[in-house]
Amino acid sequence: MLIDGPKQGNVIPDGFNPNYLKVYYGRLFPHADIFKWMSYGNDGRHPACDKSYFGRREFSFTLDNDIYLRFQSFNSESELENSIKEKCPSKIDIGPVYSVDPAKRHAYAQGGDNVFAPVERELIFDIDITDYDDVRYCCSGADVCLECWPLMTVAIKVIDTALRDDFGFDHILWVYSGRRGVHCWVCDGKARRLTNEQRGAIADYFRVYKGNENSNKKVSFPGPLHPFLVRSYTEVLREFFEEKLLLSQNLFSTEERYEKILSMIPDESVTSELRGKWQENRRSSNSKEDINFFRWEQLKNTLQSGKQKVQGLRRCVEEIVFAFTYPRLDMEVSKHRNHLLKAPFCVHPKTGRVCIPIDPKDCEEFDPTTVPTLSELLRELNTGDSRMDVDNEWEKTSLGKSIRFFRSSFLQPLLKSCKEEMESGYKAKIQQTKNSLSW
Amino acid sequence: MEIVRSQRSRTNTPNDSVSTLPLYRYAPQLEVRLEDFEVFAMDRLRVLKGISDALARGKRPEEMENLVRDLWKANMRHPEASEDVNKDIISHFVLRLVYCRTEDLRKWFLSMETALYRYRFLLGSSEAKRALMEEFDLPCKAISRTEFENAKEKLEQVARSFDQPLPTADAIFYKVPFEEVPELVAGRRVYIHKGHAYVAMHQVVSLVVTQFRSNLSKALILTNRKWTSTIREQEKDRLTPIVEALSMSYLGPDYSQTKEFGEISIKDLDQLARSSFPLCMRHLFDKLREDHHLKHGGRMQLGLFLKGVGLRMEDALAFWKAEFSHKVGAERFDKEYAYSIRHNYGKEGKRTDYTPYSCQKIISSTPGVGDHHGCPYRHFSEENLRAALGRMGVGSRAMEDVVDKVRNRHYQLACTLTFEAVHSSSCDAGINHPNQYFSDSHKILQPKNNNAA
């Protein structure tokens with residue numbers, strides 16, 4: 001009665017299919033947490049709560065047969081939960097909070113006063129490792145491995161620090177996108193109320209890489225660097241490039257690869273000098289590690305030798321480091337308030353992995369290859385201790401860690417802050433009314 | 001404003017500020033002659049059009065400042081010097097009526113008036129600037145000595161990054177929520193800390209301009225409402241015809257209606273791409289044929305251009321499907337791409353009939369990894385540009401002229417020179433729109449085709 005050995009026939013083959021999803025949405029997906037998050041405190045009983053708030057949020061579902069349902073909205077947690085369980089979407093996207101319930105949008109005009117338009121939306125970022133394909137040699141396309149994943153880690157560090165230190169945001173959630181990238185949700189009230197223009201400005205503040213196969217110089221620093229770039233370079237990028245990326249990607253080990261770096265140096269005399277040295281060294285007996293370090297040092301010495309007359313060389317070293325390591329954001333995702341983004345805790349259809357949060361303070365430890373998959377979680381559910389009297393089944397699985405993290409380091413502080421904001425806003429309003437009544 | 005016929009206009013004191021740059025907060029309490037109504041507006045429109053052209057040609061800020069001074073002097077002076085301010089205010093409000101009526105008109109007017117305001121502000125004295133800042137009631141605070149000392153190193157870094165003189169000990173900096181200065185943030189022209197931007201005195205224009213823009217944007221919506229609900233009908237015999245005529249004359253065709261020469265078919269496309277497409281569209285077209293794919297930016301830019309050129313929706317669907325099928329398969333095309341083509345033609349979603357992009361829009365886009373849209377004169381390396389121009393048949397002499405224009409960031413002039421070289425004929429108006437390039441080209445080549453037939 002007490003002993004629970006491995007159950008016979010507990011074979012859940014890997015994969016992703018509607019049956020698995022049904023179980024996932026039925027027993028593991030944290031509906032209540034998503035509801036609480038999206039309510040931003042408006043689900044309470046405080047007089048300042050806006051009861052319509054949650055109902056004005058757009059969700060979209062992608063169903064199994066690629067049918068795409070936009071403008072889904074719900075008025076309560078149970079409506080949301082029931083709809084998800086019933087429809088079993090392979091993907092759930094979250095859109096903005098509109099001026100009115102999206103279900104009623106057709107009643108509203110395009111222009112004028114009573115318009116159907118976004119009024120609040122988190123500030124979001126989407127970083128996809130395929131945008132780095134021209135600087136990673138280990139993988140390409142949708143593949144990701146432990147050699148190139150650190151590019152994402154570095155992107156998180158740079159952007160997260162800037163969001164907190166420069167822009168003053170506090171409530172930031174980083175999420176693994178399930179396959180090859182990360183998403184960032186900035187949820188402060190100030191962030192949610194940003195206009196498209198302001199979002200574009202933040203995206204441009206972060207923009208460094210400008211180019212594609214048609215242009216030459218992708219990163220160009222005509223003058224000394226802005227404090228944000230200086231900090232990113234000295235605290236994160238330089239060390240990452242010199243101590244990790246050089247080796248893991250063997251950036252100088254072949255002619256093709258070092259030529260790519262040479263093409264970033266706009267001075268013939270420098271490039272031919274280096275090329276000469278490296279062609280000679282081809283038959284050197286140095287181990288692979290040394291060659292990359294060694295050539296990088298040579299390059300730096302030649303460029304920084306002090307007698308650079310050509311202006312364009314002053315910051316060439318930084319330009320190369322940034323070209324390889326600096327975050328590449330998808331500008332369009334961040335600029336428009338009506339852009340939809342995949343919800344955390346969805347399962348990626350191609351990999352079966354759950355989109356779990358990433359701790360920015362600990363992002364170096366994050367390993368995309370060990371993220372729980374749908375089938376693993378179902379196995380865990382089956383073999384889990386059925387004696388465990390828990391409120392939530394996810395506590396029996398490896399999803400537990402992620403949900404606990406989501407709650408303690410993101411959701412709770414966020415809701416606390418929403419409550420405070422609501423109370424102080426309310427108090428101020430009451431005060432104002434009192435003042436206007438006084439004779 | 002009271003519009004009267006042929007009477008001496010009585011001038012009351014100008015409504016707003018003492019400085020010569022008005023705030024345009026309220027329509028002035030003046031009587032205006034009907035003739036002045038139209039003439040003042042046209043004069044101001046000349047200034048705005050001049051600014052629009054200059055911006056499209058990529059003029060630098062210093063050039064713009066001079067240009068605005070000259071344009072203003074040439075057009076906005078009144079025979080009676082004391083009437084200058086009134087002309088300024090009246091013309092602005094008349095143009096609000098003219099340009100409030102559609103989204104596109106509002107957008108254009110907003111951009112040009114904001115640019116005009118910016119340069120007029122910069123041309124003013126420090127006194128005038130400071131006074132105006134107070135009138136605008138901006139959410140900024142001068143920083144204290146201590147704050148300055150703490151931020152000094154970072155402020156110097158910012159100054160150096162733009163080759164500006166380092167801030168002196170008595171420099172005034174304003175601390176402002178970063179949301180108030182989006183353009184400074186976008187260009188990394190300010191130090192930002194914990195949500196506050198440290199704005200130098202010479203950057204203060206950005207604050208003023210952002211407020212101005214925001215106020216005007218709201219005002220235009222209100223004006224539109226008033227126009228639609230009361231004014232248009234009330235004034236249908238007097239002001240309305242004038243207002244409607246004014247808006248026609250200056251924006252030029254937007255190429256959203258199909259042309260005089262009828263529609264084109266898919267089989268003509270390859271030939272037309274070689275003979276009549278501007279470089280930006282030809283590049284996209286060639287890449288599409290080569291890769292059987294284009295990313296979103298390219299699909300929009302090329303797709304809308306083809307619509308403007310006369311490609312019917314059914315043909316567009318067939319064309320894109322034929323290409324994309326090689327890469328993603330017909331089924332996936334139907335699922336993922338067909339919708340947005342129909343969307344472009346106004347057959348889906350909110351049914352807006354999108355207009356093809358103008359040069360200004362294309363030049364200001366930001367193609368990223370894997371993209372091929374944007375303006376090649378701006379975004380291509382010189383080497384790639386020369387190769388592309390060579391493939392178009394541009395001779396070596398003309399090529400040098402084109403490259404010279406590009407170096408000076410005159411992208412549209414470069415395109416115009418290319419047009420002239422390829423067609424062996426001059427293009428006096430200059431290229432402002434890819435569809436204009438196409439229709440001008442077609443006009444030149446068509447009679448030749450007819451003669452050959």
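This short talk covers one helix of chain B and then the contact between chains A and B.

Keep in mind that this is a predicted model.

Start with the helix. α8 of chain B runs over residues 204-234. That gives 31 residues. From first C-alpha to last, α8(B) reaches 42 Å. The expectation at 1.5 Å a residue is 45 Å, and the helix comes close to that. Where does α8(B) bend? At W227(B), by about 55 degrees.

Now the interface. Its size can be put as an area: the size of an interface is often given as the accessible area lost when the parts come together. Here chain A and chain B bury about 3,000 Å² between them. Carbon and sulfur atoms carry 53% of that area. On the residue level, chain A puts 38 residues into the contact, and chain B puts in 35 residues.

Next, the specific pairs. How many salt bridges link chain A and chain B? Three. One salt bridge joins K194(B) to D165(A). Its closest N and O atoms sit 4.0 Å apart. Polar contacts between the two chains come to 10 residue pairs, with both residues at pLDDT 80 or more.

Which elements of chain A give two or more residues to the side that touches chain B? They are α4 (150-166), α6 (196-205) and α7 (227-248). α6(A) gives the most, with six residues.

Last, the make-up of that side of chain A. By class, the side touching chain B has 15 nonpolar residues, 11 polar and 12 charged.

Notes: Residues numbered from 1 in each chain as written. Chains lettered and ligands numbered in written order. Predicted model: local features only at pLDDT ≥ 70, side-chain atom pairs only at ≥ 80, totals over all residues. Heavy atoms only, no water. Helix = DSSP H or I, 4+ residues; strand = E, 2+ residues; numbered from the N terminus. Expected span 1.5 Å × (residues − 1). Bend = angle between axes of the 7 residues up to and from the residue. Contact = heavy atoms within 4.5 Å. Buried area = accessible area lost by both parts, 1.4 Å probe. Salt bridge = Lys/Arg side-chain N within 4 Å of Asp/Glu carboxyl O. Polar contact = N/O pair within 3.5 Å; in protein donor to acceptor, adjacent residues only side chain to side chain. Nonpolar A, V, L, I, M, F, W, Y, C, P; charged D, E, K, R; others polar.
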